[in-house]
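Here is a walk through a two-chain model, written for someone with the structure open alongside. We'll start with one residue, then take in a whole chain, the interface and a few helices.

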Amino acid sequence: MTAVIEARHLTKRYGATRALDGVTFSVAAGRIVGLIGPNGAGKTTTLKALLGLTPFEGELRVLGLDPRRERDALMREVCFMADVAVLPRWLRVSQALEFCAGVHPRFDRAIASDFLRKTDIRPASRVRELSKGMVTQLHLALIMAIDARLLVLDEPTIGLDLLYRRKFYDTLVNDYFDKQRTILLTTHQVEEVENLFTDVIFINHGKVALDASVEDLGQRYQQLTLSAEAAARARALQPFYERELFGRVAMFFEGRSSAELKAFGELRTPSIADLFVAKMQGSPGT
Amino acid sequence: MSSTPDTIEPGTEVPRAMPLGTTLLMLLRREFWEHRYLWRVPLAFIALLLLLAVFGHVDADDMPAKVQAALPTLIQYALASVLFLIVVAVLTYYTIDCLHAERKDRSILFWKSLPVSDGLTVTSKFLVALVVVPLAAVGLALLGHLLFMAIMAARAAFGSLPAAPAWDTLEWLRNVALMLVLLVLAMLWYAPVIAASLLVSGWARKPFLWATLPPLMLLILEPIFFHTTYFWHFLRYRSQGIWDVLAHGIRLPREDAVPHSIASALFDNLHWRAAFGSIDLWLGVLTALALLYAAARLRRYHDET
């Protein structure tokens with residue numbers, strides 16, 4: 001089995017700083033992977049490397065292709081949407097559809113038109129006349145109409161209100177995603193989308209801090225909520241992070257058995273957002 | 001589909017690219033959507049000129065008979081010359097702006113998300129400036145001239161002008177042929193200038209500054225520090241050198257000696273062989289290709305977003 005993405009020791013230097021420092025991970029087909037990390041952690045650089053937008057060192061295959069040498073072929077199968085809406089402001093909606101149909105062998109104009117018909121966006125409008133939410137809808141329409149195997153989204157809903165964000169992800173999961181497709185997504189709003197992910201990759205200081213499927217997370221990590229007195233005893237089990245909230249203590253453990261922990265308090269699988277904070281705060285070097 | 005959900009055979013299923021011609025045509029159309037002044041400015045000029053033809057006053061009676069006879073040709077050249085000056089200005093702006101514009105509004109990330117190579121994109125912009133707009137300008141000049149002459153003839157017929165200017169179809173066709181040959185020569189000669197502008201446009205954050213300030217500084221500083229004027233001569237040569245070669249030793253005819261066919265006279269007397277055989281012309285073309293390659297590489301690997 002060949003993975004959709006196979007990255008080995010990706011390294012990228014900007015002067016003296018290492019934006020990527022030996023990033024290694026792989027992504028299988030049919031997954032929705034969240035690439036999560038603080039600002040400047042190397043998320044966007046990783047995506048740029050995958051898309052052949054920036055030079056780097058290391059081994060990388062995306063859909064079996066080398067993004068450095070085979071970028072044009074790769075773009076026939078990969079779709080991406082960069083952080084803020086980057087559709088050119090002068091572009092008309094109809095021109096956007098026409099252009100994509102003219103250059104993309106896997107673009108189905110009817111799908112995009114059907115999608116747009118359900119919105120307030122008119123074909124004659126220019127991008128500059130649309131609200132930010134509408135621009136994102138337009139971009140989503142273009143992406144949905146491309147029969148790509150890998151979709152890369154870099155903060156696609158930044159600056160949108162909750163309704164647009166919710167609609168965006170609902171459309172993505174219900175109408176776009178299937179087992180043939182793979183989605184790689186970075187976002188700051190982890191809480192909103194964590195139910196979407198099948199896998200998460202935490203990245204910090206240019207290194208992979210965690211790479212696991214969501215099922216595995218439940219096996220590996222536990223969050224224990226307990227009283228301050230119980231916490232003093234539970235510390236013997238070496239939580240990697242703890243946090244106090246309303247007089248109760250939340251402790252995060254890796255690789256402990258449930259039986260061991262249950263005795264101290266209330267046990268559950270941490271949310272991805274909580275686990276992210278725990279990992280980032282609890283790991284050395286932060 | 002041979003693949004099951006979890007396996008991907010490397011490369012086997014990558015869909016074929018769109019035909020090169022289809023993609024290129026789309027890219028060319030994009031340029032005219034994005035940079036609307038490319039067609040708006042020349043059209044506005046022709047519209048203005050036709051207004052002039054309708055309402056202007058021409059007094060041909062005082063001119064010598066030979067000049068009167070050559071009037072359609074003279075109008076044809078005058079119109080084409082002014083139109084070409086305008087087009088040169090428009091294209092100068094375009095070539096310095098186009099690769100910068102898509103970086104400035106970050107839309108380059110959208111364009112790069114589509115399966116179009118950087119080489120083809122840069123080539124499309126080069127072709128717009130080198131071939132598409134100049135050829136369209138020739139067409140527009142011809143059309144404008146025909147309309148202009150038709151309006152003049154109509155006005156003469158209705159008596160609002162003294163007489164319809166003489167019309168000579170064969171001469172008109174000769175002029176068209178002459179213009180096209182001159183255009184080809186101009187394309188070859190100015191190709192490196194266009195490619196250099198594109199390179200600056202793709203590289204600089206302030207392309208207009210970089211396209212003008214360094215040459216200007218060189219022009220000023222070279223005589224001061226080295227007491228030489230090589231750069232001035234280089235610029236001069238690169239802007240008009242080929243025309244000096246083509247028209248070497250040829251003088252404008254005096255008013256009373258306008259040849260019967262200006263186009264024929266030019267075809268016979270200009271040094272075509274020397275111009276098209278110029279080593280500098282072809283070195284320039286090679287330089288243009290190298291600069292174009294550099295601009296494509298830059299767009300491919302320049303990471304600033």
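Helices (H or I, at least four residues) and strands (E, at least two) are DSSP runs, numbered from the N terminus. This is a predicted model, in which local features need pLDDT of at least 70, side-chain atom pairs count only at pLDDT 80 or more, and totals for chains, interfaces and linings use all residues. Residues are numbered from 1 along each chain as its sequence is written, and chains are lettered from A and ligands numbered from 1 in the order in which they are written.

**Chain A**

Let's begin with Arg13(A), which sits in strand E1 (residues 5–14) of chain A. A residue is called buried if 20 or more other C-beta atoms lie within 10 Å of its own, exposed if 12 or fewer, and partly exposed in between, with C-beta atoms placed from the backbone. Arg13(A) has 13 other C-beta atoms within 10 Å, so it counts as partly exposed. Its C-alpha is 7.9 Å from that of Phe56(A), although the two are 43 residues apart in sequence.

Zooming out, chain A has eleven helices and 13 strands. Its C-alpha trace spans about 65 × 40 × 35 Å along the principal axes, and 48% of its 286 residues count as buried. Two residues are in contact if their C-beta atoms, placed from the backbone, lie within 7 Å. Among the contacts in chain A with a separation of 6 or more, 69% join residues 24 or more positions apart.

**Where the chains meet**

On chain A, 36 residues are in contact with 30 residues of chain B. The elements giving two or more residues to the chain A side are helix H2 (71–74), strand E5 (78–81) and helix H3 (93–103). H3(A) has the largest share, with five residues. By class, that side has 21 nonpolar, eight polar and seven charged residues. (Ala, Val, Leu, Ile, Met, Phe, Trp, Tyr, Cys and Pro count as nonpolar, Asp, Glu, Lys and Arg as charged, and the others, Gly among them, as polar.)

**Helices of chain B**

How do helix lengths compare with expectation? The expected span is 1.5 Å times one less than the number of residues.

| Helix | Residues | Expected span | End C-alpha distance |
|---|---|---|---|
| H7(B) | 207–226 | 28 Å | 28 Å |
| H8(B) | 230–246 | 24 Å | 23 Å |
| H11(B) | 279–301 | 33 Å | 33 Å |

For H7(B), H8(B) and H11(B), the two values agree.

A bend at a residue is the angle between axes fitted to the seven residues ending there and the seven starting there. H7(B) has a kink of about 30° at Ile220(B), shortly before the proline Pro223(B). H7(B) is hardly covered, with two buried residues among its 20. After H7(B) comes His227(B), with a positive phi near 55°.

H8(B) bends by about 60° at Gln240(B). Its buried residues are Ile242(B), Val245(B) and Leu246(B), and they pack against helix H6 (169–203), helix H10 (272–276) and H11 of chain B. H11(B) has buried residues too, including Gly284(B), Leu291(B) and Arg299(B).
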